[in-house]
Amino acid sequence: MAVSTEKIKLNKLGLTKTVPVRMTIGQFNKMNELGIELLEHDQKMLENSEGMTTLDYMLAERRVQKLMFDFVQDTFSLTDEEILKIKDSVDTTQFKEAFSYISDRLRGVTDKQYEEAVKREKALREKEAKEDPKEGSVELAD
């Protein structure tokens, strides 16, 4: 039985290449381990946000970003120069969005399914932004 291979576009990371990735159990486990670490980071940040210093916050963010870059470099066999190009090409928000795309693709989501999900999420955010917060409130008559 053949191992499935996903072709992942790296243009969202500022690289003009598509890389085939074999989705082995080992690769899937690496992705899940990183996911667990990211969720633990988010939980720690929420629970300790009041007691964290700026330095604590910056160190935690740097650690998470390094984990994500190491995963991307390992998964796609990128060179140090390509990682530097990514760091010089995208901002933090773009990197997180690209990482989300990569994670979804590695989990078997197609490009079409991903784009549809992004459109739905964008429409939902726009709808929420347009809703009047006063709507549904009751005004009292004198």
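# Exercises on a predicted single-chain model

The chain has a radius of gyration of 20 Å, whereas a compact globule of 142 residues would have one near 14 Å; the radius is taken over C-alpha atoms, and the globule rule is 2.2 Å times the number of residues to the power 0.38. This is a predicted model, in which local features need pLDDT of at least 70 and side-chain atom pairs count only at pLDDT 80 or more, while totals for chains, interfaces and linings use all residues. Residues are numbered from 1 along each chain as its sequence is written, and side-chain values use heavy atoms, with hydrogens and water left out.

**Exercise 1.** Describe the secondary structure and the overall dimensions of the chain.

*Solution.* Begin with the elements: the chain contains 5 helices and 2 strands. Helices (H or I, at least four residues) and strands (E, at least two) are DSSP runs, numbered from the N terminus. Next, read them in sequence order, which gives β-β-α-α-α-α-α. Finally, consider the extent: along the principal axes, the C-alpha atoms fill a box of roughly 75 × 40 × 30 Å.

**Exercise 2.** Determine which residues have the most contacts inside the largest nonpolar core, and which elements supply at least two residues each.

*Solution.* First, fix the terms. A nonpolar core is a set of buried Ala, Val, Leu, Ile, Met, Phe, Trp, Tyr and Cys residues joined through side-chain atoms within 4.5 Å. Buried means under 20% relative accessible area, exposed over 50%, and partly exposed in between (1.4 Å probe, protein chains only). Of the 142 residues, 26% are buried. The largest core has 27 residues, and those with the most contacts inside it are Leu10, Phe76, Ile86, Phe95 and Ile102. Strand S2 (18-22) and helices H1 (25-48), H2 (54-76), H3 (80-89) and H4 (92-106) each supply at least two residues of this core.

**Exercise 3.** Trace the surroundings of Phe95 and Met68, leaving aside neighbours within four places in sequence.

*Solution.* Contact means heavy atoms within 4.5 Å. Start from Phe95, which is in contact with Leu13, Met68, Phe69, Val72, Ile86 and Val90. Then move to Met68, a residue of helix H2. Met68 touches Leu34, Leu38, Phe95 and Phe99. Met68 counts as buried because its relative accessible area is 7%. As a last step, take the C-alpha distance from Met68 to Asn32: the two are 36 residues apart along the chain and separated by 12 Å.

**Exercise 4.** Is Ser77 buried or exposed, and where is it found?

*Solution.* Locate Ser77 first, in the loop between H2 and H3. Its relative accessible area is 61%, so Ser77 is exposed. The backbone adds a further feature: phi of Ser77 is near 50°, a positive value in a residue other than glycine.

**Exercise 5.** Place Leu124 and classify its exposure.

*Solution.* Leu124 belongs to helix H5 (residues 111-130). With a relative accessible area of 47%, Leu124 is partly exposed. From C-alpha to C-alpha, Leu124 and Glu33 are 30 Å apart in space and 91 residues apart in sequence.
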